[in-house]
Amino acid sequence: MEDNRREFFRVSFVRTIDGKLVVPEGGEVLIDISNLSAGGVVFDGYFDIALREKVLCRFALLDEPFELEGHIIRKVAKDYSFEYAVEFLAGQRAVPKLFQQLNTYQIRKRRSLLND
């Protein structure tokens with residue numbers, strides 16, 4: 001049996017959600033978020049960022065805006081883009097609210113599947 005080492009559950013989105021990534025000395029770029037947890041985010045981007053680079057992630061979930069600091073922990077080259085994973089820095093005040101919004105999103109997602 002595979003050992004699940006995740007501290008937080010992860011939500012995968014059917015359609016990516018829009019976000020912005022702020023890289024020090026690099027400005028702000030648009031990102032397509034494919035999955036999210038209270039511990040981090042996975043997104044696609046058309047730019048090259050170094051591993052361990054500190055970043056600021058901005059996005060909204062269920063109309064609630066979030067801004068979380070983190071660092072790049074995974075980078076996978078694709079045909080015309082990169083897939084990145086960001087680990088959020090611990091102890092940020094927005095994390096409990098993000099966890100709550102992710103729970104709400106999951107409940108709504110399950111209910112819509114059951115009602116289809």
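Is R52 buried or exposed? In this model, which is predicted, R52 is exposed, with a relative accessible area of 66%, and the sections below set that residue beside the strands, rings and charged side chains of the structure.

## Two positive phi angles in loops

R52 lies in the loop between strand 3 and strand 4, and its phi is near 70°, a positive value in a residue other than glycine. This deserves a remark, because most residues other than glycine have a negative phi. The label "exposed" applies to R52 because its relative accessible area of 66% is over the 50% cut-off.

D63 can be described in a similar way, although its place is in the loop between strand 4 and strand 5, the latter covering residues 64-77. D63 has a positive phi of about 65° although it is not a glycine, and with a relative accessible area of 78% it too is exposed.

## How strand 1 pairs with its neighbours

Strand 1, made of residues 10-23, runs antiparallel to strand 2, and ten bridges join the two. Between these strands the hairpin has three residues, and there E25 takes a positive phi near 70°. Strand 1 is also joined to strand 4, again in an antiparallel arrangement, by four bridges. One pairing between strand 1 and strand 4 can be followed by name, since K20 has R58 in strand 4 as its bridge partner.

For the pairing with strand 2, a useful residue to look at is D32, which is found in strand 2 and is the bridge partner of D18. D32 is partly exposed, with a relative accessible area of 28%. When residues up to four places away in sequence are set aside, D32 touches T16, I17 and D18, and also V42, F43 and D44. The C-alpha atoms of D32 and R15 are separated by 9.1 Å, while the two residues are 17 residues apart along the chain.

## A network of salt bridges

How many salt bridges does the count come to? The count comes to six salt bridges, and a few of them can be traced residue by residue. Side chains of opposite charge can pair when their charged atoms come close. The side chains of K20 and E28 meet in a salt bridge with an N to O distance of 3.8 Å. Of these two residues, K20 is partly exposed at a relative accessible area of 36%, and E28 counts as partly exposed at 42%.

E28 also meets the side chain of R58 in a salt bridge, here with an N to O distance of 2.6 Å. This pair links distant parts of the chain, for R58 is in strand 4 and E28 is in strand 2 (residues 27-37), 30 residues apart. R58 itself counts as partly exposed, at 30% relative accessibility. A further salt bridge, 2.6 Å from N to O, brings together the side chains of E67 and R58, and E67 counts as partly exposed at 45% relative accessibility. Through these shared partners, salt bridges join K20, E28, R58 and E67 into one network. Within that network, K20 and R58 are also bridge partners in the pairing of strand 1 with strand 4.

## Aromatic rings

A pair of aromatic rings is described by the distance of the centres and the angle of the planes. A search of the whole structure finds six aromatic pairs, among them the pair of F47 and Y84, which is stacked, with 5.9 Å from centre to centre and 10° between the planes. F47 lies in the loop between strand 3 (40-45) and strand 4 (54-61), whereas Y84 lies in strand 6 (residues 82-88), so the pair ties together parts that are 37 residues apart in sequence. F47 counts as buried at 17% relative accessibility, because the cut-off for buried is under 20%, and Y84 is buried with a relative accessible area of 0%.

Both rings belong to one aromatic cluster, which is formed by F43, F47, F82 and Y84. F43, as already noted, is among the residues that D32 touches. What sits over the ring of F82? The charged end of K75 does, at 5.1 Å from the centre of the ring.

Methods. Residues are numbered from 1 along each chain as its sequence is written. This is a predicted model: local features need pLDDT of at least 70, side-chain atom pairs count only at pLDDT 80 or more; totals for chains, interfaces and linings use all residues. Side-chain values use heavy atoms; hydrogens and water are left out. Rings of Phe, Tyr and Trp (its six-membered ring) pair if their centres lie within 6.5 Å; planes under 30 degrees apart count as stacked, over 60 as edge-to-face and the rest as tilted. Buried means under 20% relative accessible area, exposed over 50%, partly exposed in between (1.4 Å probe, protein chains only). A charge sits over a ring if NZ of Lys or CZ of Arg is within 6 Å of the ring centre and within 35 degrees of the ring normal. A salt bridge is a side-chain nitrogen of Lys or Arg within 4 Å of a carboxyl oxygen of Asp or Glu. Contact means heavy atoms within 4.5 Å. Two strands pair if DSSP finds at least two bridges between them.
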